[in-house]
Amino acid sequence: MVAQQHINVTVNGSYEPSTVTLQQGVPAQLTFTRTSTQGCLEQVHSTDLHFTTELPLDQPQTVTVPTDRAGEFHFSCGMDMVSGKVVIV
C-alpha cells in the first residue's frame, strides 16, 4: 500500500503533466514549480480541490490534494486560461 502520493508538476507555459492520476484514499500532494515567465501562470487554483497558491518563479509550491472521493477535478491558472486535471481512481 502506498503511504503518500507526491507528484511534481512543471509550469512552463502549460502544466506538465497536465493530467495527474492519484489513488483514492491515499494522502496526496502536488508540487508546482513555475520555470517560465510565459503566460498567466503566476497562480494555480482549484475550486474542485479547494486550493489557491501563488507560484513564484523557480520556487516549488506544494499543495495537499484531498483524495476522499473518486472523479476528475480541474485546476487552472489565475485567469482560467491554462488548465490541468487530477483524476482520482
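Let me begin with the cysteines, since the structure holds zero disulfides, a disulfide being a pair of cysteine sulfur atoms within 2.5 Å. What I am showing is a predicted model, in which local features need pLDDT of at least 70 and side-chain atom pairs count only at pLDDT 80 or more, while totals for chains, interfaces and linings use all residues. Residues are numbered from 1 along each chain as its sequence is written, and side-chain values use heavy atoms, with hydrogens and water left out.

Why is there no bond at Cys40? The closest cysteine sulfur to that of Cys40 lies in Cys77 at 3.1 Å, which is too far for a bond, and from the side of Cys77 the closest sulfur is that of Cys40, again at 3.1 Å. Cys40 is buried, with a relative accessible area of 14%, and Cys77 is buried too, at 0%; by buried I mean under 20% relative accessible area, by exposed over 50%, and by partly exposed anything in between, using a 1.4 Å probe and protein chains only.

Now to the sheets, for which I should say that strands (E, at least two residues) and helices (H or I, at least four) are DSSP runs numbered from the N terminus, and that two strands pair if DSSP finds at least two bridges between them. One open sheet has four strands in the order S2-S1-S4-S7, with mixed pairing, and its edge strands, each pairing on one side only, are S2 (15-16) and S7. Within this sheet S4 and S7 run antiparallel and are joined by five bridges, and among the residues involved, Thr31 has Thr62 in S7 as its bridge partner.

Another open sheet has five strands in the order S3-S9-S8-S5-S6, also described as mixed in its pairing, and here the edge strands, which pair on one side only, are S3 and S6 (51-54). Neighbouring strands of this sheet are turned by 20° against each other on average, direction ignored, where the axes are lines fitted to C-alpha atoms, for helices over the stretch in contact, and angles run from 0 to 180 degrees between N-to-C directions. S3 and S9 pair in the parallel sense over four bridges, with Val87 in S9 as the bridge partner of Thr21, whereas S5 (residues 43-46) and S8 run antiparallel and are joined by two bridges, with Ser76 in S8 as the partner of His45. Strand S3 also has two distinct faces, a covered one with Val20 and Leu22 and an uncovered one with Thr19 and Thr21.

Which residues have the most contacts inside the largest nonpolar core? They are Tyr15, Phe32 and Val86, in a core of 22 residues, and a core here is a set of buried Ala, Val, Leu, Ile, Met, Phe, Trp, Tyr and Cys residues joined through side-chain atoms within 4.5 Å. The elements giving two or more residues to this core are S1 (5-11), S3 (19-22), S4 (28-34), S7 (61-65), S8 (71-77) and S9 (83-88). As background, nonpolar side chains tend to be buried together in soluble globular proteins.

Taking Tyr15 as an example, and counting a contact as heavy atoms within 4.5 Å, its partners beyond four places in sequence include Val9, Phe32, Leu41, Phe75, Cys77 and Val82.

Phe73, in strand S8, is buried at a relative accessible area of 5%, and beyond four places in sequence it is in contact with Asp48, Leu49, Gly84, Lys85, Val86 and Ile88. Of these, Leu49 is 24 residues away in sequence and 6.7 Å away in space, C-alpha to C-alpha.

A polar residue also deserves a mention, namely Gln5 in strand S1, which is buried at a relative accessible area of 10% and which touches, beyond four places in sequence, residues including Leu22, Val26, Pro27 and Thr67.

Finally, there is one salt bridge by the rule used here, which asks for a side-chain nitrogen of Lys or Arg within 4 Å of a carboxyl oxygen of Asp or Glu. The side chains of Lys85 and Glu72 form it, at 3.5 Å from N to O, and the pair links distant parts of the chain, with Lys85 in S9 and Glu72 in S8, 13 residues apart. Lys85 is partly exposed at 24%, and Glu72 is likewise partly exposed at 47%.
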